[in-house]
Structures are given as C-alpha cells and as structure tokens.
Amino acid sequence: MYKTIKYLIVSLLIFICLFLYLNLVNNDEEAVISEKEAENELKETANHIEDYLVEQPDDLVALDEAVYLQYVLGNYDEATKLGLKLIDKDPENHMSYYRMANIKTKTENWEEMIHYMEKSYNLEKSSHMLYYLSTSYIVKDANYALELINDMDNYDMGSERKFLVNYKKSLEKYIEENSFENINDLVEYIPDNILMNQIVQDGIKFSQSSDDIPKLKELSKHLNE
C-alpha cells in the first residue's frame, strides 16, 4: 500500500514538473520557478522513479515514465538503456517502440528511428501512427512516405482528417517540385525540429536554385533556435 501511494505521489510530481517545464514564461516577473529550477525538479523526480524501479522493476508504467523523463531531460543514453528494458518487458506495447523512435530522432539515427517507428505502427495501425511513420520516412525516401500516407483512407481519422489531408498535399508538392516553398509548407507537419532540419539540410544539398540556399539556411537557423 505504501509503495502504491509513493508511486502515485511521484506520478503527480511528474505531471506538475512537466507542466512547469513546458510552460515557463522567461520574462514574467511573477513566474515562481526558473527554467533551471524546473529542470532540477525533473531530475529529482526521475531519480525518485529510478529508485522506485529498483524495488519494483516490473512496474511498466513507472518504467515508461522513466524513459520519457530522461528523453525530456536530454539524457539520450540513459533513455535508450531504459527504453530497451521497456521493450524487453513490454514488447507488445506500441508505445515502447514509439519512445525509442523519438530518442533515435534526437540522436539523428534515422535508420533506427524508422525501424522502431515501423515496429510501433505494426502494433498500432491507426491514422496517427501512420502519420508518424510517414514523416519518419521523409529523410530516407519521400516518395515512400507519400505512398504510406496514401493509405490513410483505410482509417477512421475523425478530427485528424483535415490535418492529414493538408500534410499529404504539402508532401505531394515537395516531391513534385522539390523547392524551398514546398519544404516550408511541410514545417508545420513534421513532429520534430531535428527531423525537419535534416530535410532542410537535404534541400540545401540538392537544391537546383541558388536563390533557395539563403532561404533554406534561414529556415535551418530558425529551427535550431
């Protein structure tokens, strides 16, 4: 009973810390917590969870939260180590592989990112997972990314439909014309700046128009801010 209460308290702390960490107002004099303080709180929470996992190594919810916290903190080696444990203990859960795909995005390991995203999609064949798999493939094969998203009519998309249709249109334009404007169209649909930046770098490398290069570099600068 004590351990259950302890874990519930830790989960509440995670929610509070993440909320503060992601919603800081840098110049607000009324802000009660600094970014550094929020980061320290997250680290402390991560340490509490890992201590808890020593006692309860099979608590999959706690292990998943530990992976996510290390990912948020930018500790990708530790997140990978914990993520592999999560996959080993929970191999039928698509989120186990999705977490690892996100980590591999941050480390710019595109082949492994795609590998884990495919694993996730094969376990959870939904429209949103199809979208994540498609965006993962853009850095390797944009035509195949489009081929994947063309299957979206097989899914019940609900409120996602407009977003996915616009993503598909932007991807089609990018493939057809391969110009700066079409890369720019894709920006709002790519789920991670690092992934988007790789696409922009490819645009700089292969652009046929010298006029596009300064614009692409400016976009890359913006993505890296």
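The expected span of a helix is 1.5 Å times one less than its number of residues.

**View 1. Helix α4, its span and its buried residues, in a predicted model.** Helix α4 covers residues 76–89, and because these 14 residues should span 20 Å at 1.5 Å a residue, the 19 Å between its end C-alpha atoms agrees with what is expected. The buried residues of this helix are A79, T80, L82, G83, L86 and I87, and they pack against four other helices, namely α2 (35–55), α3 (60–72), α5 (94–106) and α6 (110–123).

**View 2. Helix α7 within its surroundings.** Nine of the eleven residues of α7 are buried, so this helix is largely enclosed by the rest of the structure. The buried residues are S127, M129, L130, Y131, L133, S134, T135, S136 and Y137.

**View 3. The contact of helix α7 with helix α8.** The axes of α7 (residues 127–137) and α8 (residues 142–149) come within 7 Å and cross at roughly 170°, which means that α7 is roughly antiparallel to α8, since angles over 145 degrees count as such. On the α7 side, L130, Y131, L133, S134 and Y137 take part in the contact, where they meet A142, Y144, A145, L148 and I149 of α8. Sorted by class, the contact has nine nonpolar residues and one polar residue, with no charged residues.

**View 4. Confidence along the chain, and residues 1–5.** The protein chain has an average pLDDT of 80, and 75% of the residues score at least 70. Over residues 1–5, however, the pLDDT is below 50, and this stretch has three contacts in the model beyond near neighbours in sequence. Where pLDDT is low, the predicted coordinates should not be read in detail.

Key
Residues are numbered from 1 along each chain as its sequence is written. This is a predicted model: local features need pLDDT of at least 70, side-chain atom pairs count only at pLDDT 80 or more; totals for chains, interfaces and linings use all residues. Side-chain values use heavy atoms; hydrogens and water are left out. Axes are lines fitted to C-alpha atoms, for helices over the stretch in contact, and angles run from 0 to 180 degrees between N-to-C directions. Helices (H or I, at least four residues) and strands (E, at least two) are DSSP runs, numbered from the N terminus. Angles under 35 degrees count as roughly parallel, over 145 as roughly antiparallel, 65 to 115 as roughly perpendicular and the rest as oblique. Contact means heavy atoms within 4.5 Å. Ala, Val, Leu, Ile, Met, Phe, Trp, Tyr, Cys and Pro count as nonpolar, Asp, Glu, Lys and Arg as charged, and the others, Gly among them, as polar. Buried means under 20% relative accessible area, exposed over 50%, partly exposed in between (1.4 Å probe, protein chains only). pLDDT is the predictor's confidence in each residue, from 0 to 100.
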